[in-house]
Amino acid sequence: MTLTRRAVGLRHLGAPPLGSSVRQTMAEVGRTAVCDPGALLPGGFWEAVGVWLERPQVANKRLCGARLEARRSAVLPRAEAGGPRTSAGPQLGTAGRVPEESRGRRAAAAAPLLAGAPGQPGKAGVEEGDVPASELDSLWGDFSRSLCGNREMLAFLAGSRAGSRPEAQHELDVVLRTVILKSSPHRPLLAPTREMVVQDVLNGTVTFLPLEDDDEGNLKVKMSNVYQIQLSRCREEWFISVLIFCPERWHPDGIVYPKLTWLGEELLTKLARWSVESGKSGFKSTLSLISLLKYSRAYWALKEKYKDMVKVWPEVTDPEKFVYEDVAIATYLLILWEEERAERGVTAKQSFVDLGCGNGLLVHILSSEGHPGRGIDIQRRKIWDMYGPQTRLEEGAITPSDKTLFPDVDWLIGNHSDELTPWIPVIAARSSYNCRFFVLPCCFFDFVGKYQRRQSGKTQYREYLDFITEVGSTCGFHVEEDCLRIPSTKRVCLVGKSRTYPPSRELSLDEQRTRYINSRRGCPLGPPGREPAPASPQVAASSAHHPGGHRALHGAAGHAPEARASELWLPGFQPREKAQRTRNCAALPRDFVDQVVLQVAHLLLGGKQLTGSSPSGTLKTWNRGESLSLAEVASELDRETLQRLKRECGGLQTLLRNNHQVFEVLDGRVHIRDWREQKPPKKKQPEAKRKLVPEAFKTRVCWFFMHHPDGCALPSPCCPFAHGPGELRLSLTARTKERVS
């Protein structure tokens, strides 16, 4: 793709058929030439417009998103020399609707813009400010009649290329959308903004018309902040332009309507890039199953409520990432459950169990917001003690069997639940007919062991999501997919809210689940002609006591002891070990690591003896050594050393990266690190990292001072490491231990 952007500025455009008075009513604020070697235009342009219409937050970070409330087809009135009048073309309805037979020729072009729109009526329930489709009809009817006395706006909607065809009938797609603003401490309750969007596929224009309430509370079009995105072609070259109607009426608010330079530069560049990017992401739009408006307000409130967790986070993980990620997941579930209660007509808040709850923050937030539930994880975390007794967290292993069912629980949650992820739809299906599930897959596991790829045409992530969807569908769930707004590359969730079968078919569905689970392992299904036995031997026995034939936990409906191997639904499943073995070379003996470091450094320095303790080198004399590939370095190490390293995750490369004071590994090649070339740290770093740098200064001896033939390349005051024992400082950990003792 090649972009050639002209200088941004107000360039007034003429409209010859309507006289000189129109020339000052429209202005071009930016134009970009787009190279299209893949022949993706004009279709790609409409896909880019669809992104801006449905997901404006991708370009404008001050927005939370948009909801498409209604759509309709329409035509523009016709202008004549003696003055505009309503078109006598195709017969119109009372609000200017195009007859059914006139819509086919632009359906294909309009499809990318509106197909699967996340905000269609009925998608996420009725929200505050929803406008029925009938109101869009009324709104367009009033606006269409007003165009008969407004030649300037009529010409703007028709597009600059329509001037040579004043009698042409324009078929339009009209969309009513609500733009939802991102909440913040400075603007927590800003009302959403409504717009009417007029798409003219024939002329390659899409016009955005802001709406406001009149004195009687009815919607009407404002004549300020009107802008248009236009696709044009001249001498085999494509152009995308942004035009505005009446420049003197453009009043930027810094949120929905930014400055004209932003429209002519930032937005235009993104639209041009999106227009020629081939292929789709293959994932749903973010937050497509819930109300964006409710999510925006709830997320800001929860973020403010739980932000102090960042300051007291006792785990070694990044607090900002994990706290705000769990706040976002909790917000999503709270809105999803709120809308579910409204759909079912109930008021009691849903219960839940989080399988593999990790740090337990998600459980803590959901419990604090009134949902009864608990979390279970193989290993207790330090932060659990900070939550208080109202947050129920249990330490124990979950094995898929009749002893790990939750018949009295509404929802099972799998948030990065690793080896339990494919089992969660199964456990939910067998717990009770009313049990639902939410999973956020991360690592790729099958029912037993790692997931093995089968389709090279998909990414591994997409293929794994399809696998979990298949599991849920086989278990009898309607599985829906959504994309969360979290700081993670793995942010697609799968939701099973309802079943595809009535309770009376539970026995046959459970046999189907058993066959499917066994097929993943290659287990025999029994002699030909005989139905396989259900995975759960209690199905028939418990069906008399539990509607639909669902089993219950023996005793209390709680976390049960680990099942015996004979009771597992699929032999071979192993929950992760409670104490994870460190396999990143960090547990290797220090003497062994030092020996390998000296040996590799000796190779890189051309075989020079590593005596050290020499005066610091200069730019001309300090020996940087040579560059060797990892394979070349490995070939110089003895067999026993290599075997020992291979038993660690990452092997030789991990050991060298761990010793980043000495080595730099780039593109598979090993270099001696030259600290004179180190870039200063980034300004925007997590608070924990900013504190760590000064705390670690001079707490370790400089390897170069001790071992390099030319000593350290940096003078002592500039080197972050100690030049000799006299400069050594106690580390933060050592100082803490010293104070305690």
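**A tour by helix, loop and strand**

His-364 is buried, with a relative accessible area of 9% (buried means under 20%, exposed over 50%, partly exposed in between, with a 1.4 Å probe and protein chains only). Select His-364 to begin; it is found in helix 8. Helices (H or I, at least four residues) and strands (E, at least two) are DSSP runs, numbered from the N terminus.

This is a predicted model: local features need pLDDT of at least 70, side-chain atom pairs count only at pLDDT 80 or more, and totals for chains, interfaces and linings use all residues. Residues are numbered from 1 along each chain as its sequence is written, and side-chain values use heavy atoms, without hydrogens and water.

**Stop 1: around His-364**

Which residues touch His-364, leaving aside its neighbours within four places in sequence? Show Tyr-306, Tyr-387, Gln-390 and Thr-391: His-364 is in contact with these four (contact means heavy atoms within 4.5 Å).

**Stop 2: the whole chain**

Zoom out and colour by secondary structure. The protein chain has 20 helices and 20 strands. It is built of 741 residues, and 50% of them are buried. Now think about contacts between residues with a separation of 6 or more. In 70% of these contacts, the residues are 24 or more positions apart.

**Stop 3: helix 7 and helix 8**

Select residues 319-344 for helix 7 and residues 361-368 for helix 8. Their axes come within 9 Å and cross at roughly 40 degrees, so helix 7 is oblique to helix 8. Axes are lines fitted to C-alpha atoms, for helices over the stretch in contact; angles run from 0 to 180 degrees between N-to-C directions. Under 35 degrees counts as roughly parallel, over 145 as roughly antiparallel, 65 to 115 as roughly perpendicular and the rest as oblique.

Turn on side chains. On helix 7, the contact is made by Phe-322, Val-323, Asp-326, Val-327, Ile-329, Ala-330, Leu-333, Leu-334 and Trp-337. On helix 8, Leu-361, Leu-362, Ile-365 and Leu-366 take part.

**Stop 4: helix 6 against helix 7**

Keep helix 7 on screen and add helix 6, residues 292-306. Here the axes come within 9 Å and cross at roughly 135 degrees. Helix 6 and helix 7 are therefore oblique to each other.

Which residues of helix 6 meet helix 7? Pick out Lys-294, Tyr-295, Ala-298, Tyr-299, Leu-302, Lys-303 and Tyr-306. Among their partners in helix 7 are Val-323, Tyr-324, Val-327, Thr-331, Leu-334 and Glu-338. Val-323, Val-327 and Leu-334 belong to the contact with helix 8 as well. Tyr-306 has come up before, as a contact of His-364.

**Stop 5: helix 11 and helix 12**

Hide those helices. Select residues 460-474 for helix 11 and residues 506-521 for helix 12. The two axes come within 9 Å and cross at roughly 150 degrees, which means that helix 11 is roughly antiparallel to helix 12. Helix 11 brings Phe-467, Glu-470, Val-471, Ser-473 and Thr-474 to the contact. Helix 12 brings Leu-509, Gln-512, Arg-513, Tyr-516 and Arg-520.

**Stop 6: helix 4**

Go to residues 151-158. This is helix 4, and six of its eight residues are buried. Highlight Met-153, Leu-154, Ala-155, Phe-156, Leu-157 and Ala-158; these are the buried ones. What do they pack against? Show strand 3, helix 3 (133-146), strand 6 (193-200), strand 7 (205-213), strand 9 and strand 10. Then step to Gly-159, which follows helix 4 and has a positive phi, near 90 degrees.

**Stop 7: three loops**

Start with Pro-42, in the loop between strand 3 (26-34) and helix 1 (43-54). A cis peptide bond joins Leu-41 to Pro-42, with omega about 5 degrees.

Next, select Arg-235. Look in the loop between strand 9 (226-234) and strand 10 (237-245). Its phi is positive, about 50 degrees, although Arg-235 is not a glycine. Is Arg-235 buried or exposed? Arg-235 is exposed, with a relative accessible area of 78%.

Now find Leu-287, in the loop between helix 5 (260-275) and helix 6. Leu-287 has a positive phi near 55 degrees, and is a residue other than glycine. Leu-287 is buried, with a relative accessible area of 2%.

**Last stop: Leu-68**

Select Leu-68 in strand 4, residues 63-75. Leu-68 is buried, with a relative accessible area of 2%. Add Arg-177 and draw a line between the two C-alpha atoms. The line spans 4.4 Å, while 109 residues separate Leu-68 and Arg-177 in sequence.
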